[in-house]
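This report describes selected parts of a protein model and a ligand bound to the protein. The sequence and the structure are shown first, and the discussion follows.

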Amino acid sequence: MGDAVLRAEGVVAGYVPDLPILKAVDLAVRRASVTVIIGPNGAGKSTLIKTIAGLVPLSSGRIIHDGADISRIRPDRLAAQGIAYVPQMDNIFRTLTIRQNLDLALRRAGAEAAGRLEDLYARFPPLADKRNEKAGALSGGQRQFLAVAMALAARPSLILMDEPSAGLSPKAAQEVLECARGLTEQGVTILLVEQNVKQALRLADHCYILAEGRNQLDGSAADLLSDPVVGEIYLGARRKGAA
Ligand SMILES: Nc1ncnc2c1ncn2[C@@H]1O[C@H](COP(=O)(O)OP(=O)(O)O)[C@@H](O)[C@H]1O
Ligand SMILES: [Mg+2]
């Protein structure tokens with residue numbers, strides 16, 4: 001993929017020295033696309049996202065973003081590199097109001113903070129309506145929108161999202177995924193991990209399947225959606241697993 005904005009090559013990474021979780025992972029993400037990572041529990045999906053975000057040490061291989069080698073980027077340098085990371089858990093401050101959460105996210109925006117806050121309220125009207133309420137009082141879907149809004153505060157060109165629809169109703173999950181899709185229309189690139197495989201494949205451009213810390217398969221989301229083996233393992237399993 002020649003026009004990849006993010007590229008991982010032979011990434012080996014893990015939490016403890018000599019105990020790699022990612023054993024060799026390659027990834028190429030096209031600009032302004034949605035790329036989804038799926039795979040069984042423990043496959044290393046979160047670890048891959050965290051490695052790209054500089055939160056898990058990489059022991060070999062490299063990660064390139066926008067022409068810059070970010071293989072061992074310090075997490076506090078991510079925003080300056082145009083990257084935002086939305087963790088799966090604890091991605092907002094529940095005891096603070098929505099306004100306070102957004103102010104925190106905008107603390108480095110300087111003179112632009114006020115304008116960006118208005119942009120975020122305009123983009124997410126439910127957050128504007130509830131700006132003085134505690135974030136913990138929001139619905140699950142609205143909390144994810146707040147997490148996305150906080151990520152957008154730094155005007156990233158790449159957003160890494162770890163299971164943004166986990167625990168949400170199918171409708172809320174769909175809204176969050178559609179929000180991610182909508183961001184690509186403004187040129188933002190999205191790399192996300194998803195358990196809602198069918199929903200994600202319908203929205204994504206490209207999909208990587210990880211298993212045991214390695215690439216298992218990748219292809220266009222449309223191809224994988226109609227792939228019988230993928231269907232049996234990931235879509236069938238999902239149907240059985242769903243309540
Ligand atoms: N903080 C951690 N310290 C040590 N091992 C971890 C940590 N987080 C995850 N792991 C291990 O890394 C492996 C991959 O986990 P993870 O990347 O969270 O998988 P996935 O997101 O695909 O479910 C698992 O075996 C898990 O136990
Ligand atoms: Mg995970």
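## Helix 5

In this predicted model, helix 5 covers residues 140–152 and contains 13 residues. From its first C-alpha to its last, helix 5 reaches 19 Å, close to the 18 Å expected at 1.5 Å a residue.

Helix 5 is largely enclosed by the rest of the structure, because 11 of its 13 residues are buried. These buried residues are Gly141, Gln142, Gln144, Phe145, Leu146, Ala147, Val148, Ala149, Met150, Ala151 and Leu152. They pack against two strands and several helices: strand 6 (83–86), helix 2 (98–105), helix 3 (113–123), helix 4 (125–129), strand 7 (158–162) and helix 6 (170–184).

## The surroundings of ligand 1

Ligand 1 is surrounded by Tyr15, Ile21 and a run of residues consisting of Pro40, Asn41, Gly42, Ala43, Gly44, Lys45, Ser46 and Thr47. By type, this shell comprises 4 nonpolar, 5 polar and 1 charged residues.

Three polar contacts involve oxygen atoms of ligand 1. For Gly42, a backbone N or O atom lies 2.8 Å from an oxygen atom of the ligand. For Gly44, a polar backbone atom is 3.0 Å from an oxygen atom of ligand 1. Thr47 takes part through its side chain, a polar atom of which lies 2.5 Å from an oxygen atom of ligand 1. Ligand 1 exposes 560 Å² when taken alone, and the protein buries 58% of that area.

## Two residues of strand 8

Strand 8 spans residues 189–193 and includes Leu191. A residue is called buried when its relative accessible area is under 20%. Leu191 has a relative accessibility of 0% and therefore counts as buried. Leaving out residues up to four places away in sequence, Leu191 touches a set of residues that includes Leu6, Leu27, Val29, Ile37, Ile49, Ile52, Leu158 and Leu160. Leu191 and Val34 are 157 residues apart in sequence, yet the distance between their C-alpha atoms is 6.0 Å.

Thr189 also lies in strand 8. Its relative accessibility is 1%, so Thr189 counts as buried. The side chain of Thr189 reaches the backbone nitrogen of Ala32 at 2.9 Å. With neighbours within four places in sequence set aside, Thr189 is in contact with Val5, Val29, Arg30, Arg31, Ala32, Ser33, Ser157, Leu158 and Ile159.

How values were computed. Residues are numbered from 1 along each chain as its sequence is written. Chains are lettered from A and ligands numbered from 1 in the order in which they are written. This is a predicted model: local features need pLDDT of at least 70, side-chain atom pairs count only at pLDDT 80 or more; totals for chains, interfaces and linings use all residues. Side-chain values use heavy atoms; hydrogens and water are left out. Helices (H or I, at least four residues) and strands (E, at least two) are DSSP runs, numbered from the N terminus. The expected span of a helix is 1.5 Å times one less than its number of residues. Buried means under 20% relative accessible area, exposed over 50%, partly exposed in between (1.4 Å probe, protein chains only). Contact means heavy atoms within 4.5 Å. A residue is near a molecule or strand if one of its heavy atoms lies within 4 Å of it. A polar contact is a pair of N or O atoms within 3.5 Å; within protein, one must be able to donate a hydrogen and the other to accept it, and residues adjacent in sequence count only if both atoms are side-chain atoms. Accessible areas come from the Shrake-Rupley method with a 1.4 Å probe; for residues, only the protein chains shown count as cover. Ala, Val, Leu, Ile, Met, Phe, Trp, Tyr, Cys and Pro count as nonpolar, Asp, Glu, Lys and Arg as charged, and the others, Gly among them, as polar.
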